[in-house]
Amino acid sequence: MCAALTPKSGILEIEPYRGGEAGAPGFERPIRLASNESALGPSPRAIAAYRTLAEEIHRYPDGGAEALREALARHHGLPADRIVCGNGSDELIGLLTKAYAGPGDEVVMSRHGFLMYPIAAKAAGAEVVIAPETNLTADVDALLAAVTPRTRVVFLANPNNPTGTYLSSDEVKRLHAGLPPQVLLVIDAAYAEYVQRNDYDPGMALVAASENVVMTRTFSKIYALAGLRVGWAYGSESIADVLNRVRAPFNLNAAAQAAAVAALADVPALDRAREHNDIWRPWLARELMALGLTVNPSVANFLIVRFPGGDKSADAAFEFLKGRGILTRKIAGYHLADWLRITIGTEQEMEKFKTAFQKVVT
Ligand SMILES: Cc1ncc(COP(=O)(O)O)c(C=O)c1O
(Lines give C-alpha, C1' and ligand atoms only; values in the text may rest on other atoms or scores of the structure.)
Protein backbone atom coordinates (compact mmCIF):
# COMPACT_ATOMS: atom_id res chain seq x y z
CA MET A 1 0.00 0.00 0.00
CA CYS A 2 1.34 3.39 -0.98
CA ALA A 3 0.61 6.50 1.04
CA ALA A 4 -1.67 8.98 -0.72
CA LEU A 5 -0.15 11.96 -2.44
CA THR A 6 -0.24 14.89 -0.03
CA PRO A 7 1.05 18.46 -0.31
CA LYS A 8 3.38 20.00 2.27
CA SER A 9 1.86 20.76 5.65
CA GLY A 10 -0.05 24.03 5.72
CA ILE A 11 -1.11 23.93 2.06
CA LEU A 12 -4.53 22.42 2.71
CA GLU A 13 -5.17 25.02 5.42
CA ILE A 14 -5.09 27.73 2.76
CA GLU A 15 -8.43 29.32 2.05
CA PRO A 16 -8.08 30.08 -1.68
CA TYR A 17 -8.15 33.81 -2.43
CA ARG A 18 -11.44 34.90 -3.92
CA GLY A 19 -11.26 38.05 -5.99
CA GLY A 20 -14.15 40.47 -6.24
CA GLU A 21 -17.02 39.24 -8.38
CA ALA A 22 -16.89 40.42 -12.00
CA GLY A 23 -20.25 39.26 -13.34
CA ALA A 24 -23.91 39.89 -12.53
CA PRO A 25 -26.53 37.72 -14.27
CA GLY A 26 -28.49 39.70 -16.84
CA PHE A 27 -25.90 42.49 -17.08
CA GLU A 28 -23.43 42.49 -19.93
CA ARG A 29 -21.36 45.25 -18.37
CA PRO A 30 -22.05 45.40 -14.65
CA ILE A 31 -20.69 48.28 -12.58
CA ARG A 32 -17.60 46.81 -10.99
CA LEU A 33 -16.84 48.33 -7.62
CA ALA A 34 -15.47 45.08 -6.16
CA SER A 35 -11.72 44.92 -6.77
CA ASN A 36 -10.26 48.38 -6.09
CA GLU A 37 -9.46 48.80 -9.77
CA SER A 38 -8.92 52.24 -11.23
CA ALA A 39 -12.06 54.27 -11.94
CA LEU A 40 -10.65 56.02 -14.99
CA GLY A 41 -8.85 53.14 -16.70
CA PRO A 42 -5.32 53.03 -18.12
CA SER A 43 -3.37 55.87 -19.69
CA PRO A 44 -3.80 55.95 -23.51
CA ARG A 45 0.00 55.85 -23.64
CA ALA A 46 0.01 52.53 -21.76
CA ILE A 47 -2.61 51.08 -24.11
CA ALA A 48 -0.56 52.17 -27.14
CA ALA A 49 2.62 50.65 -25.69
CA TYR A 50 0.77 47.41 -25.02
CA ARG A 51 -0.47 47.28 -28.63
CA THR A 52 2.98 47.83 -30.10
CA LEU A 53 4.08 44.62 -28.41
CA ALA A 54 1.64 42.52 -30.45
CA GLU A 55 4.14 41.94 -33.27
CA GLU A 56 6.89 40.92 -30.87
CA ILE A 57 5.28 38.26 -28.76
CA HIS A 58 7.48 35.51 -30.15
CA ARG A 59 10.34 37.14 -28.19
CA TYR A 60 11.11 36.48 -24.55
CA PRO A 61 10.74 39.53 -22.36
CA ASP A 62 13.71 41.23 -20.71
CA GLY A 63 14.13 38.99 -17.68
CA GLY A 64 15.58 41.85 -15.63
CA ALA A 65 12.81 44.32 -16.59
CA GLU A 66 15.60 46.84 -16.96
CA ALA A 67 13.72 49.65 -18.72
CA LEU A 68 10.98 49.52 -16.11
CA ARG A 69 13.37 49.38 -13.18
CA GLU A 70 15.34 52.32 -14.62
CA ALA A 71 12.11 54.28 -15.13
CA LEU A 72 10.98 53.54 -11.56
CA ALA A 73 14.41 54.46 -10.24
CA ARG A 74 14.32 57.84 -12.04
CA HIS A 75 10.72 58.50 -11.09
CA HIS A 76 11.19 57.80 -7.39
CA GLY A 77 14.88 58.69 -7.01
CA LEU A 78 15.90 55.15 -6.05
CA PRO A 79 18.80 52.86 -7.01
CA ALA A 80 17.59 50.63 -9.86
CA ASP A 81 19.59 47.64 -8.64
CA ARG A 82 17.52 47.48 -5.46
CA ILE A 83 14.22 47.32 -7.34
CA VAL A 84 12.80 43.92 -8.31
CA CYS A 85 9.68 43.62 -10.44
CA GLY A 86 7.04 40.96 -10.02
CA ASN A 87 3.96 39.52 -11.65
CA GLY A 88 1.80 41.79 -9.55
CA SER A 89 2.82 42.62 -6.01
CA ASP A 90 1.06 39.40 -5.00
CA GLU A 91 3.95 37.47 -6.52
CA LEU A 92 6.48 39.49 -4.54
CA ILE A 93 4.54 38.95 -1.31
CA GLY A 94 4.66 35.21 -1.98
CA LEU A 95 8.35 35.20 -2.91
CA LEU A 96 9.40 37.25 0.10
CA THR A 97 7.51 34.96 2.45
CA LYS A 98 8.87 31.81 0.85
CA ALA A 99 12.40 33.18 0.96
CA TYR A 100 12.39 34.32 4.59
CA ALA A 101 9.91 32.03 6.40
CA GLY A 102 9.35 28.30 6.51
CA PRO A 103 8.15 25.50 8.78
CA GLY A 104 8.51 26.42 12.45
CA ASP A 105 8.56 30.15 11.68
CA GLU A 106 5.89 32.75 12.32
CA VAL A 107 4.52 35.49 10.09
CA VAL A 108 2.80 38.38 11.85
CA MET A 109 -0.03 40.43 10.40
CA SER A 110 -2.84 42.55 11.78
CA ARG A 111 -6.39 41.25 12.17
CA HIS A 112 -7.94 42.89 9.12
CA GLY A 113 -4.77 42.83 7.01
CA PHE A 114 -4.67 41.85 3.33
CA LEU A 115 -5.56 38.17 2.76
CA MET A 116 -2.57 37.37 0.59
CA TYR A 117 -0.38 37.38 3.72
CA PRO A 118 -1.86 34.26 5.37
CA ILE A 119 -1.95 32.53 1.98
CA ALA A 120 1.74 33.28 1.43
CA ALA A 121 2.66 32.26 4.99
CA LYS A 122 0.84 28.93 4.86
CA ALA A 123 2.20 28.19 1.38
CA ALA A 124 5.67 28.64 2.88
CA GLY A 125 4.78 26.26 5.72
CA ALA A 126 4.94 29.03 8.32
CA GLU A 127 2.39 29.88 10.99
CA VAL A 128 0.25 33.00 10.86
CA VAL A 129 0.10 35.14 14.00
CA ILE A 130 -2.66 37.74 14.11
CA ALA A 131 -2.29 40.98 16.08
CA PRO A 132 -5.47 42.84 17.14
CA GLU A 133 -6.24 46.26 15.66
CA THR A 134 -7.50 49.46 17.23
CA ASN A 135 -10.33 51.27 15.42
CA LEU A 136 -9.82 49.05 12.37
CA THR A 137 -6.24 50.30 12.15
CA ALA A 138 -3.00 48.35 12.57
CA ASP A 139 -1.75 48.74 16.14
CA VAL A 140 2.03 48.99 16.44
CA ASP A 141 2.11 47.88 20.09
CA ALA A 142 -0.06 44.85 19.32
CA LEU A 143 2.08 43.94 16.30
CA LEU A 144 5.25 44.19 18.38
CA ALA A 145 3.66 42.16 21.19
CA ALA A 146 2.92 39.41 18.65
CA VAL A 147 6.60 39.09 17.71
CA THR A 148 8.40 36.07 19.21
CA PRO A 149 11.83 34.52 18.62
CA ARG A 150 10.15 32.50 15.84
CA THR A 151 8.92 35.56 13.91
CA ARG A 152 10.55 35.99 10.51
CA VAL A 153 8.23 38.34 8.64
CA VAL A 154 5.87 41.16 9.68
CA PHE A 155 3.37 42.38 7.08
CA LEU A 156 1.90 45.86 7.12
CA ALA A 157 -0.44 47.01 4.36
CA ASN A 158 -0.20 50.79 4.45
CA PRO A 159 -2.87 51.87 3.64
CA ASN A 160 -4.64 48.64 4.43
CA ASN A 161 -7.11 46.82 2.24
CA PRO A 162 -9.99 46.44 3.09
CA THR A 163 -10.17 48.91 5.99
CA GLY A 164 -8.66 51.88 4.10
CA THR A 165 -6.80 53.07 7.20
CA TYR A 166 -3.10 53.90 7.41
CA LEU A 167 -0.23 54.35 9.85
CA SER A 168 1.80 57.56 9.93
CA SER A 169 5.47 57.35 8.99
CA ASP A 170 6.35 57.88 12.66
CA GLU A 171 4.26 54.88 13.63
CA VAL A 172 5.85 52.74 10.91
CA LYS A 173 9.28 53.85 12.13
CA ARG A 174 8.30 52.89 15.66
CA LEU A 175 7.20 49.47 14.41
CA HIS A 176 10.51 48.97 12.66
CA ALA A 177 12.51 50.18 15.65
CA GLY A 178 10.82 47.56 17.82
CA LEU A 179 11.66 44.65 15.53
CA PRO A 180 14.79 42.55 15.88
CA PRO A 181 17.14 42.76 12.86
CA GLN A 182 16.42 39.19 11.76
CA VAL A 183 12.73 40.02 11.17
CA LEU A 184 11.73 41.27 7.71
CA LEU A 185 9.24 44.16 7.70
CA VAL A 186 7.17 44.16 4.49
CA ILE A 187 5.44 47.49 3.87
CA ASP A 188 2.79 46.85 1.24
CA ALA A 189 2.00 50.27 -0.19
CA ALA A 190 -0.33 49.19 -3.02
CA TYR A 191 -2.49 52.30 -2.57
CA ALA A 192 0.29 54.79 -1.76
CA GLU A 193 -0.42 57.12 -4.70
CA TYR A 194 -3.92 57.83 -3.43
CA VAL A 195 -2.86 58.96 0.03
CA GLN A 196 -2.98 62.72 0.59
CA ARG A 197 -1.74 63.02 4.16
CA ASN A 198 1.31 64.93 5.31
CA ASP A 199 2.22 62.33 7.91
CA TYR A 200 2.18 59.43 5.41
CA ASP A 201 5.20 57.91 3.72
CA PRO A 202 5.14 54.75 1.57
CA GLY A 203 8.29 53.51 3.28
CA MET A 204 11.12 54.45 0.94
CA ALA A 205 13.09 56.36 3.56
CA LEU A 206 12.88 53.44 5.95
CA VAL A 207 14.03 51.01 3.26
CA ALA A 208 16.98 53.28 2.44
CA ALA A 209 18.03 53.33 6.10
CA SER A 210 17.53 49.64 6.93
CA GLU A 211 18.63 46.16 5.98
CA ASN A 212 15.40 44.42 6.96
CA VAL A 213 12.64 46.48 5.31
CA VAL A 214 11.08 46.03 1.90
CA MET A 215 8.34 48.12 0.27
CA THR A 216 6.03 46.57 -2.32
CA ARG A 217 4.10 48.61 -4.90
CA THR A 218 1.77 47.89 -7.76
CA PHE A 219 0.61 49.15 -11.16
CA SER A 220 -2.78 47.50 -10.56
CA LYS A 221 -4.39 50.37 -8.69
CA ILE A 222 -3.82 54.03 -9.63
CA TYR A 223 -1.93 53.07 -12.81
CA ALA A 224 -4.88 50.89 -13.87
CA LEU A 225 -2.91 47.91 -15.20
CA ALA A 226 -4.40 45.17 -12.98
CA GLY A 227 -4.96 42.88 -15.95
CA LEU A 228 -1.28 42.96 -16.91
CA ARG A 229 0.09 42.11 -13.43
CA VAL A 230 2.95 44.49 -12.60
CA GLY A 231 4.33 44.95 -9.12
CA TRP A 232 7.68 45.99 -7.77
CA ALA A 233 9.67 45.80 -4.58
CA TYR A 234 12.35 48.12 -3.22
CA GLY A 235 14.56 46.67 -0.53
CA SER A 236 18.09 46.47 0.75
CA GLU A 237 20.75 45.00 -1.54
CA SER A 238 20.47 41.66 0.18
CA ILE A 239 16.67 41.54 -0.11
CA ALA A 240 16.83 42.44 -3.82
CA ASP A 241 19.47 39.75 -4.28
CA VAL A 242 17.26 37.16 -2.56
CA LEU A 243 14.24 38.08 -4.69
CA ASN A 244 16.30 37.83 -7.86
CA ARG A 245 17.39 34.33 -6.87
CA VAL A 246 13.88 32.99 -6.21
CA ARG A 247 11.81 34.70 -8.89
CA ALA A 248 11.12 33.05 -12.25
CA PRO A 249 13.53 34.29 -14.93
CA PHE A 250 10.82 35.96 -17.05
CA ASN A 251 8.25 36.75 -14.38
CA LEU A 252 7.10 40.01 -15.97
CA ASN A 253 5.78 39.69 -19.51
CA ALA A 254 6.93 42.04 -22.27
CA ALA A 255 3.58 43.82 -22.75
CA ALA A 256 3.32 44.45 -19.02
CA GLN A 257 6.81 45.97 -18.93
CA ALA A 258 6.14 48.26 -21.90
CA ALA A 259 2.74 49.39 -20.63
CA ALA A 260 4.09 50.07 -17.14
CA VAL A 261 6.94 52.25 -18.48
CA ALA A 262 4.41 54.26 -20.51
CA ALA A 263 1.95 54.53 -17.61
CA LEU A 264 4.67 55.80 -15.29
CA ALA A 265 5.59 58.54 -17.77
CA ASP A 266 1.99 59.78 -18.00
CA VAL A 267 2.00 62.03 -14.94
CA PRO A 268 -1.15 63.96 -15.98
CA ALA A 269 -3.09 60.64 -16.04
CA LEU A 270 -1.91 59.93 -12.50
CA ASP A 271 -2.98 63.40 -11.38
CA ARG A 272 -6.41 62.96 -12.96
CA ALA A 273 -6.89 59.63 -11.20
CA ARG A 274 -5.92 61.13 -7.85
CA GLU A 275 -8.12 64.19 -8.32
CA HIS A 276 -11.05 61.99 -9.28
CA ASN A 277 -10.58 59.94 -6.15
CA ASP A 278 -10.27 63.05 -3.99
CA ILE A 279 -13.69 64.17 -5.19
CA TRP A 280 -15.62 60.92 -5.26
CA ARG A 281 -14.39 59.11 -2.13
CA PRO A 282 -15.54 61.94 0.19
CA TRP A 283 -18.72 62.24 -1.89
CA LEU A 284 -19.47 58.54 -1.43
CA ALA A 285 -18.71 58.71 2.29
CA ARG A 286 -21.08 61.69 2.70
CA GLU A 287 -23.87 59.97 0.76
CA LEU A 288 -23.59 56.80 2.85
CA MET A 289 -23.40 58.68 6.14
CA ALA A 290 -26.44 60.76 5.14
CA LEU A 291 -28.33 57.45 5.05
CA GLY A 292 -27.34 56.86 8.68
CA LEU A 293 -24.59 54.31 7.99
CA THR A 294 -21.14 54.14 9.51
CA VAL A 295 -18.27 54.70 7.08
CA ASN A 296 -14.72 53.93 8.10
CA PRO A 297 -12.31 56.77 7.22
CA SER A 298 -10.28 55.72 4.16
CA VAL A 299 -7.26 57.21 2.40
CA ALA A 300 -7.40 54.84 -0.59
CA ASN A 301 -9.66 54.34 -3.64
CA PHE A 302 -12.31 52.43 -1.71
CA LEU A 303 -14.14 52.59 1.59
CA ILE A 304 -16.03 50.23 3.84
CA VAL A 305 -19.55 50.83 5.11
CA ARG A 306 -21.25 49.11 8.04
CA PHE A 307 -24.78 47.74 8.07
CA PRO A 308 -26.99 47.57 11.15
CA GLY A 309 -27.91 43.88 10.63
CA GLY A 310 -31.24 42.06 10.52
CA ASP A 311 -32.86 42.66 7.13
CA LYS A 312 -30.37 45.51 6.63
CA SER A 313 -27.31 43.25 6.45
CA ALA A 314 -24.19 43.57 4.31
CA ASP A 315 -25.13 40.32 2.55
CA ALA A 316 -28.61 41.58 1.72
CA ALA A 317 -27.19 44.88 0.43
CA PHE A 318 -24.65 43.02 -1.69
CA GLU A 319 -27.35 40.84 -3.28
CA PHE A 320 -29.70 43.76 -3.81
CA LEU A 321 -26.99 45.74 -5.60
CA LYS A 322 -25.86 42.73 -7.62
CA GLY A 323 -29.44 42.28 -8.79
CA ARG A 324 -29.17 45.81 -10.19
CA GLY A 325 -25.86 45.14 -11.89
CA ILE A 326 -23.66 46.75 -9.24
CA LEU A 327 -20.85 44.66 -7.76
CA THR A 328 -19.37 45.44 -4.37
CA ARG A 329 -17.20 43.31 -2.10
CA LYS A 330 -18.28 41.25 0.88
CA ILE A 331 -15.51 41.15 3.46
CA ALA A 332 -16.60 38.52 5.98
CA GLY A 333 -13.29 36.76 5.17
CA TYR A 334 -11.58 39.77 6.77
CA HIS A 335 -13.68 39.38 9.96
CA LEU A 336 -15.87 42.25 8.80
CA ALA A 337 -19.17 40.48 8.08
CA ASP A 338 -21.30 43.58 8.78
CA TRP A 339 -19.39 45.66 6.26
CA LEU A 340 -19.21 46.01 2.48
CA ARG A 341 -16.27 47.41 0.58
CA ILE A 342 -17.00 49.77 -2.27
CA THR A 343 -14.42 50.90 -4.81
CA ILE A 344 -14.62 54.41 -6.20
CA GLY A 345 -15.92 54.29 -9.78
CA THR A 346 -16.59 56.84 -12.48
CA GLU A 347 -18.96 59.76 -11.91
CA GLN A 348 -21.72 57.93 -13.77
CA GLU A 349 -21.13 54.74 -11.79
CA MET A 350 -21.21 56.61 -8.51
CA GLU A 351 -24.50 58.29 -9.41
CA LYS A 352 -26.03 54.94 -10.39
CA PHE A 353 -24.73 53.42 -7.19
CA LYS A 354 -26.34 56.21 -5.17
CA THR A 355 -29.72 55.73 -6.83
CA ALA A 356 -29.67 51.95 -6.27
CA PHE A 357 -28.25 52.19 -2.77
CA GLN A 358 -30.94 54.52 -1.50
CA LYS A 359 -33.36 51.60 -1.90
CA VAL A 360 -31.07 49.31 0.12
CA VAL A 361 -31.53 51.15 3.36
CA THR A 362 -34.97 52.75 3.01
C1 LIG B 1 -2.97 45.72 0.06
C2 LIG B 1 -2.79 45.04 -1.26
N3 LIG B 1 -1.59 44.55 -1.55
C4 LIG B 1 -1.35 43.92 -2.72
C5 LIG B 1 -2.36 43.77 -3.65
C6 LIG B 1 -2.04 42.98 -4.89
O7 LIG B 1 -1.87 43.76 -5.98
P8 LIG B 1 -1.29 43.20 -7.34
O9 LIG B 1 -2.38 43.35 -8.33
O10 LIG B 1 -0.09 44.05 -7.60
O11 LIG B 1 -0.90 41.76 -7.14
C12 LIG B 1 -3.62 44.26 -3.40
C13 LIG B 1 -4.70 44.06 -4.38
O14 LIG B 1 -5.86 44.14 -4.09
C15 LIG B 1 -3.85 44.91 -2.17
O16 LIG B 1 -5.06 45.39 -1.85
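Ala, Val, Leu, Ile, Met, Phe, Trp, Tyr, Cys and Pro are counted here as nonpolar, Asp, Glu, Lys and Arg as charged, and the others, Gly among them, as polar. With that in hand, let us walk through this structure, which is a predicted model, starting with the sheet and ending with the pockets.

**The sheet**

Seen strand by strand, the open sheet has 7 members in the order β2-β10-β9-β8-β7-β3-β4, and their pairing is mixed. Strands of a sheet pair through backbone hydrogen bonds, either parallel or antiparallel. At the edges you will find β2 (83-86) and β4 (127-131), each of which pairs on one side only. From one strand to the next, the twist averages 25°.

For a parallel pair, look at β7 (residues 151-157) and β8 (residues 184-188), which are joined by 5 bridges. Within this part of the sheet, Val154 stands opposite Leu185 in β8.

**Helices across the sheet**

Two helices are worth finding next. Helix α2 (residues 66-76) lies across β2, β9 (213-218) and β10 (231-235), and runs at about 125° to β2. Helix α6 (residues 169-177) lies across β7, β8 and β9, with an angle of about 160° to β8. Strand β9 thus has both α2 and α6 lying across it.

**The pockets**

The largest pocket holds about 540 Å³ of space. It is lined by 27 residues, and those closest to its centre are Glu15, Arg18, Leu115, Gly333 and Tyr334. Three elements give two or more residues to this lining: α4 (116-123), β4 and β14 (329-330). Of these, α4 gives the most, with 3 residues. Strand β4, then, is both an edge strand of the sheet and a contributor to the lining of the largest pocket.

The second largest pocket has a volume of about 430 Å³. Here 25 residues form the lining, and Tyr17, Ser35, Asp90, Phe114 and Lys221 are the closest to the centre. Helix α3 (residues 88-100) provides the largest share of this lining, 4 residues.

How many nonpolar, polar and charged residues does each lining have? The table sets out the answer.

| Pocket | Nonpolar | Polar | Charged |
|---|---|---|---|
| Largest pocket | 13 residues | 6 residues | 8 residues |
| Second largest pocket | 9 residues | 9 residues | 7 residues |

The classes fit the residues named above: Glu and Arg count as charged, Leu and Tyr as nonpolar, and Gly as polar.

How values were computed:
Residues are numbered from 1 along each chain as its sequence is written. This is a predicted model: local features need pLDDT of at least 70, side-chain atom pairs count only at pLDDT 80 or more; totals for chains, interfaces and linings use all residues. Side-chain values use heavy atoms; hydrogens and water are left out. Two strands pair if DSSP finds at least two bridges between them. Axes are lines fitted to C-alpha atoms, for helices over the stretch in contact, and angles run from 0 to 180 degrees between N-to-C directions. Contact means heavy atoms within 4.5 Å. On a 1 Å grid over the protein atoms alone, a cavity is a set of points where a 1.4 Å probe fits but cannot get out, and a pocket is an open set with protein on both sides within 12 Å along at least five of seven lines; lining residues have an atom within 4 Å of a point. Grid points are joined across faces, edges and corners, and a volume is the space filled by probe spheres set on the points.
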